[in-house]
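Got a minute to poke at a model together? Have a look at the sequence and coordinates first, then we'll work through some questions.

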Amino acid sequence: INAEYMGCGHCKSLEPQYSAAATELQGSEIKLAKVDATVNNQVAQKYNVRGYPTLNFFVDGVAQEYDGPRDSAGIVSWLKKKTQPPAKLDNVDDFEAKKNSEELLVLGVFKDLSSASATTFFQAAKKLEATIATTTSQDVRKHLGLSDGDQVILLKKYDNLRDDLGPVGTVDELVAKVSSHGRHLITPFTEQYQRAIFAPQNTRIAFTVNDHQDVSGTEKDLACVSVVAKKFRDQVVFVDVDSSSPSTGRVLNYFGLEASAKSAMVVYEPNANGKYRFTGSSLCDGLEEWVEKYVNGDVEQFLKTQETPEDWDAQPVKVLTGHNFPLVALDTNKNVFVKFYAPWCGHCKSLAPVWDELAEHFKDRSDIVIAKVDSTLNELKGVSIEGYPTLKFFNKKNEVLDYQGNRDLEALKKYVEENSE
């Protein structure tokens with residue numbers, strides 16, 4: 001189901017692709033539908049829709065958020081993989097052909113496909129982003145060197161090539177084991193793997209950074225990182241970023257790293273938008289101890305900030321950074337209205353002259369400050385910015401009010417007057 005907002009540009013872009021996928025799947029057991037979440041907001045609230053469009057896939061009434069491609073072919077492929085039964089491999093030739101054709105194969109080896117453990121395996125398969133297969137063949141079991149008993153193995157074309165995961169366990173246990181051991185020990189930061197890197201279950205992602213043109217230095221650092229990644233693979237996803245690649249500039253800037261960065265690492269927590277920067281001189285200098293402290297909650301969050309300009313308060317609109325924001329916005333003698341913006345944002349550019357006029361109007365009020373923060377360069381503890389521009393009013397009680405009104409001068413002036421004490 002596609003939860004959308006009719007005025008959303010991304011929703012309009014998705015519409016023809018989604019419709020084409022629905023047409024291709026006509027006559028199958030897979031049905032595509034859509035909901036205008038601004039009209040049916042109770043649906044949006046129930047399924048925690050935070051942006052548009054959001055796609056959820058429902059099986060037996062249970063929702064799974066879709067994180068696949070946004071083109072018709074990708075949507076159809078993802079849905080078929082989720083609904084088609086796993087391949088059954090009846091002999092060694094079938095097994096070898098399947099193994100050789102897949103980058104990652106999750107194989108369930110069973111005595112009986114109607115057993116409880118096989119049923120659990122099939123349930124888990126619906127939640128996995130991988131090719132799934134089963135076998136009851138004794139020849140395949142011997143070929144793999146497996147003992148009696150139902151078990152799961154991973155076969156890969158990377159890292160250690162094979163992981164024996166043991167008994168099936170519960171659905172959640174199997175999904176967690178496959179997610180952990182099925183990914184690369186250190187995943188390359190490329191377009192091919194970005195969906196896997198930012199999968200919803202990955203709540204801690206360590207971006208290690210090196211200049212791959214320095215081959216020997218990169219190899220040395222990745223060898224050190226591999227040791228740490230093995231120890232913490234169930235807790236942290238490790239990613240290799242090539243700082244010499246033009247395609248990585250934006251991610252380096254987002255993490256507050258120079259374009260020429262090497263032997264560096266930042267751990268990113270997508271759900272909390274938290275960043276934690278490794279403080280060693282190189283990735284072979286105390287990395288394991290630092291990650292141990294991080295997972296135990298003993299590392300301070302890194303907040304990107306720019307230096308405060310000397311003339312930050314020379315104009316009616318005051319310029320705030322990560323350094324001077326607490327001193328100004330949290331001053332209990334002042335009411336501070338702050339615009340959080342991005343330089344490239346069209347709506348921010350439209351608001352700029354109005355914001356200047358607002359500041360000009362209140363420039364003689366010592367208890368009122370009109371300010372702005374470039375949120376692409378400054379991150380603030382306890383301040384969450386989800387879109388641009390975001391307007392927040394910090395009153396003398398240190399209460400933070402989110403402004404949701406009109407953005408014309410008169411509406412803004414009235415709001416400041418009514419909320420200033």
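What follows is a short Q and A on this predicted model.

Q: Which cysteines form the disulfide?
A: There's one disulfide to find in this structure. A pair qualifies when the two sulfur atoms sit within 2.5 Å, and here they are 2.0 Å apart. The partners are C224 and C284.

Q: How many residues apart are the two partners of that disulfide, C224 and C284?
A: C224 belongs to helix α9, residues 215-231. C284 is in the loop between β14 (274-277) and α11 (287-295). The pair therefore links distant parts of the chain, since these positions are separated by 60 residues.

Q: Is C224 buried or exposed, or in between?
A: Buried would need under 20% relative accessible area and exposed over 50%. C224 comes out at 26%, and its partner C284 at 30%. By contrast, C11 at 4% and C345 at 6% are buried. Since 26% falls between the two cut-offs, C224 is partly exposed.

Q: What is the handedness of the C224 and C284 link?
A: Look at the angle about the S-S bond, which is 100 degrees. With that value, the link is right-handed.

Q: Which strands are at the edges of the five-stranded open sheet?
A: The strand order is β15-β17-β16-β18-β19, with mixed pairing. An edge strand pairs on one side only. That holds for β15 (317-320) and β19 (400-402).

Q: Which residue in β17 is the bridge partner of V336?
A: Strands β16 (residues 335-341) and β17 (residues 368-374) run parallel, joined by seven bridges. Within that pairing, V336 has its partner in β17. The partner is V369.

Q: What angle does the direction of helix α13 make with that of β16?
A: Helix α13 (residues 346-361) packs on the sheet. The strands touched are β15, β16, β17 and β18 (390-394). Relative to β16, the helix direction makes about 160 degrees.

Q: Which element gives the most residues to the largest nonpolar core?
A: That core has 20 residues, and those touching the most other members are F238, M265, V267, L287, W290, V291 and Y294. The elements giving two or more residues are α9, β13 (264-269) and α11. With five residues, the top contributor is α11.

Q: Which residues of the largest core's list of most-touching members does V267 contact, beyond four places in sequence?
A: Leaving aside neighbours within four places, V267 is in contact with I205, A206, G274, K275, Y276, W290 and Y294. Checking these against the list of members touching the most others leaves W290 and Y294.

Methods
Residues numbered from 1 in each chain as written. Predicted model: local features only at pLDDT ≥ 70, side-chain atom pairs only at ≥ 80, totals over all residues. Heavy atoms only, no water. Helix = DSSP H or I, 4+ residues; strand = E, 2+ residues; numbered from the N terminus. Buried < 20%, exposed > 50% of the residue type's maximum accessible area, 1.4 Å probe, protein only. Pairing = 2+ DSSP bridges. Contact = heavy atoms within 4.5 Å. Axes fitted to C-alpha atoms, helices over the stretch in contact; angles between N-to-C directions. Core = buried A, V, L, I, M, F, W, Y, C linked by side-chain atoms within 4.5 Å.
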